[in-house]
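User: Here's a structure I've been staring at. Please pick one part, give it a close look, and tell me how it sits in the whole.

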Amino acid sequence: MNTNLLLTINSWAGKNSLLDNFMIFCASYLVYVVFLAAAACAVYWIYKHDWRPAIYFFATLVVTFLLLQLASMMNFDHRPFMDHHLTQLVAHASGKSFPSDHTTVTAGIAFGLLFFTRFKKLGWTILGSAALIGFARIFVGIHYPLDIFGGLMTGLLGGLIVLGAKKIFDAKSTTRKIATDSQKV
């Protein structure tokens, strides 16, 4: 199914230059637009001295990156253009393909924004961008669909791990505050 879906999506490549150019942009450059949006959020947090969402957001990125490295070490699948005759619209070095770095990082940014900040609409927009980036990377012939799914799940897992840690931290902080308040009485 993974290969069939790859071949179906990639079969649309090379047939319409407008679509090809849009997919090349999404596969190669849209991630930089996402980075700019994340940087704008960081500037906002610094300006407002709003450290808590910034800390959890960046922790999500760190955990997602560590999970990405772990997943990369555990997988040995080649890039699809190494094993199949594809219309490859973007040059890419050969090597392992799981999970998609572009999709993972973009998903990590999206879930960091969705779980820990007031920028929910931006988070949903970036999550949509992660899916579009992933689709485009299949379209241009450099990733399998499961590479993209793995990237989305890695970003989600990174966010969920930090969310779980935050809930534990918040519960301990609440318990300490209650204990301190009861000693004052």
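Analyst: What follows is a walk around helix α2 and its surroundings.

Some ground rules: this is a predicted model, where local features need pLDDT of at least 70 and side-chain atom pairs count only at pLDDT 80 or more, while totals for chains, interfaces and linings use all residues. Residues are numbered from 1 along each chain as its sequence is written, and side-chain values use heavy atoms, with hydrogens and water left out.

First, the backdrop. The protein has eight helices and zero strands (helices being DSSP runs of H or I with at least four residues, strands runs of E with at least two, numbered from the N terminus). Its C-alpha trace spans about 75 × 35 × 25 Å along the principal axes. Of its 185 residues, 42% are buried, meaning under 20% relative accessible area with a 1.4 Å probe and protein chains only; over 50% is exposed, and partly exposed is in between. Take the contacts (heavy atoms within 4.5 Å) with a separation of 6 or more: 77% of them link residues 24 or more positions apart.

Now α2 itself. It runs over residues 17-28, 12 of them, and goes 16 Å from first C-alpha to last, close to the expected 16 Å (1.5 Å times one less than the number of residues). At its N-terminal end, Asn-16 acts as the cap, with a side-chain oxygen 2.9 Å from the backbone nitrogen of Leu-18.

Which residues of α2 are buried? They are Asp-20, Met-23, Cys-26, Ala-27 and Ser-28. Their cover includes α3 (30-48), α6 (101-116) and α7 (120-139).

Cys-26 deserves a pause, since its relative accessible area is just 2%. Cys-41 is buried as well, at 4%. Still, you'll find zero disulfides in the structure, a disulfide being two cysteine sulfur atoms within 2.5 Å.

For a view from one of the covering helices, try Ile-126, which sits in α7. Ile-126 counts as buried because its relative accessible area is 3%. Setting aside neighbours within four places in sequence, Ile-126 touches Val-34, Ala-37, Thr-106, Ile-109, Ala-110 and Leu-113. With Thr-106, 20 residues away along the chain, its C-alpha separation is 6.9 Å.

Lastly, the outside: the accessible surface of the protein is about 10,300 Å², with 70% of that belonging to carbon and sulfur atoms (Shrake-Rupley, 1.4 Å probe; for residues, only the protein chains shown count as cover).

Key: A polar contact is a pair of N or O atoms within 3.5 Å; within protein, one must be able to donate a hydrogen and the other to accept it, and residues adjacent in sequence count only if both atoms are side-chain atoms.
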